[in-house]
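Visitor: I have a structure open and would like to go through it with you. Can we start with the basics and then pick out some residues?

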Amino acid sequence: MSITVGKLFGNGTVLYQMKLLAGQKGLNNLVEWVHIIENDEVSKFLHGKEVVFTSGMLNNNDGWLLEYAKKLYSAGTSAFVVNIGPYTKLIPDNVVKYCNSVNMPLYTIPWETRMVDVTRDICYRIMQREQVEISIAATIKNIIFKVGDLETQILQMERYGYLRDSHFCFIVISIDKETDENKEMDMNKVKVYAERIARSIQELYISFSYNECLVLGLVNYSDYNINNFVNTFFKSWNQSLGKINMGISENKVGIEKQAENFNNAFTAMKMAKKQYKQVIYYDKLDIYKILLNTRDSDLLKEYYNDALGKLEKYDKENNTNLMDFLDMYLKNNGSVQLVAEKQYIHRNTVNNQIKKIEKITNYNPLDLHEKVKFILSFYIRDIMWDYDDKCAVAQIILVTWSLQSIMWQYIMKIS
């Protein structure tokens, strides 16, 4: 949970007589805490994403402040505030130039403004912001999972600016690494990275973790801005931190209609993983959308088993790969020549395999109607996991969030 530098110091000129000297492009840097540091060894005191105040008590040579600024930037500082007075009378031009070059906002406050008063106010605002974001995330989850009174929850969202007729787009992000070591830390890096991009585009933004994934709620973003978020995310993402799969829901209006939208984002993410793609938009799933919205899952499974069930069983019993062969044949539009070239086999071998498949399944891949049946069955195979997951997880979701909602209400009563 954090707040941008620009949001934090938006009224700083009036309240603290603050002046922004440099780093205006870094106003979307996220802030999690604030420190007053006079020691040269700043890295020992910082975790990153902090605002640092100093009066420059150790500022005893012309190059001190520039070196101090460089150390702050190396430690991941979000913004730098200098208390102008007896220790630091002015900001050298080379410090201003450096902060501009690294997009680290540099502010000054007059000596009459006490740093302790400013930092206390900032700490309070950060903590207040964190509580608001926790409340917003808890409320939207209750709406999604149908826990509690819907109208009360909508009114709660509206108090924070999330109107009932707002547009919501959910983005589900999964990160995969070779090992699960430091997975929580890696997910937090994704969260901070995504939040910085999102808040640079639009202020209304929700994030929470669910089922080992990061869920983002982009509120009142235009379709252009959603695409801008996605493109910016992948353009600068460090692949060494993990492989990202992203699923994006439709940009749907109405708070009360977001349960399905949320599930669709997860469906798109799972399809991205299955198809080895970085990102999939739910509204571009084409025929998968029709199949996923077929309420009778037994009908789909029956259709699949009728077309491919026997072939799948044959492969398992005889250690063959006719299923993969048929899939390749269909994806190459039934071209014997292309399949032969890709499989490094003779055309006659391809024809013999096709005849064998027809004998096992009783369906002819050369017949247009029966070819379509095979193609549709492969589509069904791709989404059959979704029905199983939804049935198994739905009850867990409901129970989990019901318990969390009860605990949250209890905490609010006793606090």
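Guide: What follows is a short chat about cysteines, a cavity, a nonpolar core and some single residues.

Visitor: What kind of model is this, and what needs which pLDDT?

Guide: This is a predicted model, in which local features need pLDDT of at least 70 and side-chain atom pairs count only at pLDDT 80 or more, while totals for chains, interfaces and linings use all residues. Residues are numbered from 1 along each chain as its sequence is written, and side-chain values use heavy atoms, with hydrogens and water left out.

Visitor: How many disulfides does a search of the whole structure find?

Guide: Zero. A disulfide here is a pair of cysteine sulfur atoms within 2.5 Å.

Visitor: Why no bond for Cys169?

Guide: Because the closest cysteine sulfur, in Cys213, is 16 Å from the sulfur of Cys169, too far for a bond.

Visitor: Is Cys169 buried or exposed?

Guide: Cys169 is buried, at 1% relative accessibility. Buried means under 20% relative accessible area, exposed means over 50%, and partly exposed is in between, with a 1.4 Å probe and protein chains only. Cys99 is also buried, with a relative accessible area of 0%.

Visitor: Changing topic. How many cavities of 30 Å³ or more are there?

Guide: One. A cavity is a set of points, on a 1 Å grid over the protein atoms alone, where a 1.4 Å probe fits but cannot get out; lining residues have an atom within 4 Å of a point.

Visitor: How much space lies in the largest cavity?

Guide: About 70 Å³. That volume is the space filled by probe spheres set on the points, with grid points joined across faces, edges and corners.

Visitor: Which residues line it?

Guide: Ten residues line the largest cavity, and Glu133, Arg199, Tyr205, Ile206 and Ser207 lie nearest its centre. At least two lining residues come from each of α5 (115-144), α7 (183-201) and β9 (205-210). Those labels are DSSP runs numbered from the N terminus: helices are H or I with at least four residues, strands are E with at least two.

Visitor: And the lining by class?

Guide: Six nonpolar, one polar and three charged residues. Ala, Val, Leu, Ile, Met, Phe, Trp, Tyr, Cys and Pro count as nonpolar, Asp, Glu, Lys and Arg as charged, and the others, Gly among them, as polar.

Visitor: OK, the largest nonpolar core. Which residues touch the most other members?

Guide: Leu308, Leu311, Leu326 and Phe374, out of 33 residues in that core. At least two core residues come from each of α9 (258-274), α10 (287-292), α11 (297-318), α12 (322-331), α13 (336-343), α14 (347-361) and α15 (368-414). α12 gives the most, with six residues. A nonpolar core is a set of buried Ala, Val, Leu, Ile, Met, Phe, Trp, Tyr and Cys residues joined through side-chain atoms within 4.5 Å.

Visitor: What does Leu326 touch?

Guide: Not counting residues up to four places away in sequence, Leu326 touches Leu308, Leu311, Ile357, Pro365, Phe374 and Phe378. Contact means heavy atoms within 4.5 Å.

Visitor: Now the asparagines. Where is Asn362, and what is its phi?

Guide: Asn362 sits in the loop between α14 and α15. Its phi is positive, about 70°, although Asn362 is not a glycine. Asn362 counts as exposed, at 54% relative accessibility.

Visitor: And Asn220?

Guide: Asn220 has a positive phi near 60° and is likewise a residue other than glycine. It lies in the loop between β10 (213-219) and α8 (223-236), and it is partly exposed, with a relative accessible area of 34%.

Visitor: Where is Asn103?

Guide: Asn103 is in the loop between α4 (93-102) and β7 (106-110), and it is partly exposed at 31% relative accessible area. Leaving aside neighbours within four places in sequence, Asn103 is in contact with Gly23, Lys25, Gly26 and Asn29.

Visitor: Last ones, in strands. Where is Ile175, and what about Tyr281?

Guide: Ile175 is in strand β8 (residues 167-176) and is buried at 3% relative accessibility. Its contacts, leaving aside neighbours within four places in sequence, include Lys183, Trp237 and Ile244. Tyr281 is in strand β13 (residues 279-281) and is buried, with a relative accessible area of 16%. Not counting residues up to four places away in sequence, Tyr281 touches Asn227, Val230, Ile248 and Ala268.

Note on methods. 1 Å grid on protein atoms, 1.4 Å probe; cavity = no way out; pocket = protein on both sides within 12 Å on 5 of 7 lines; lining within 4 Å.
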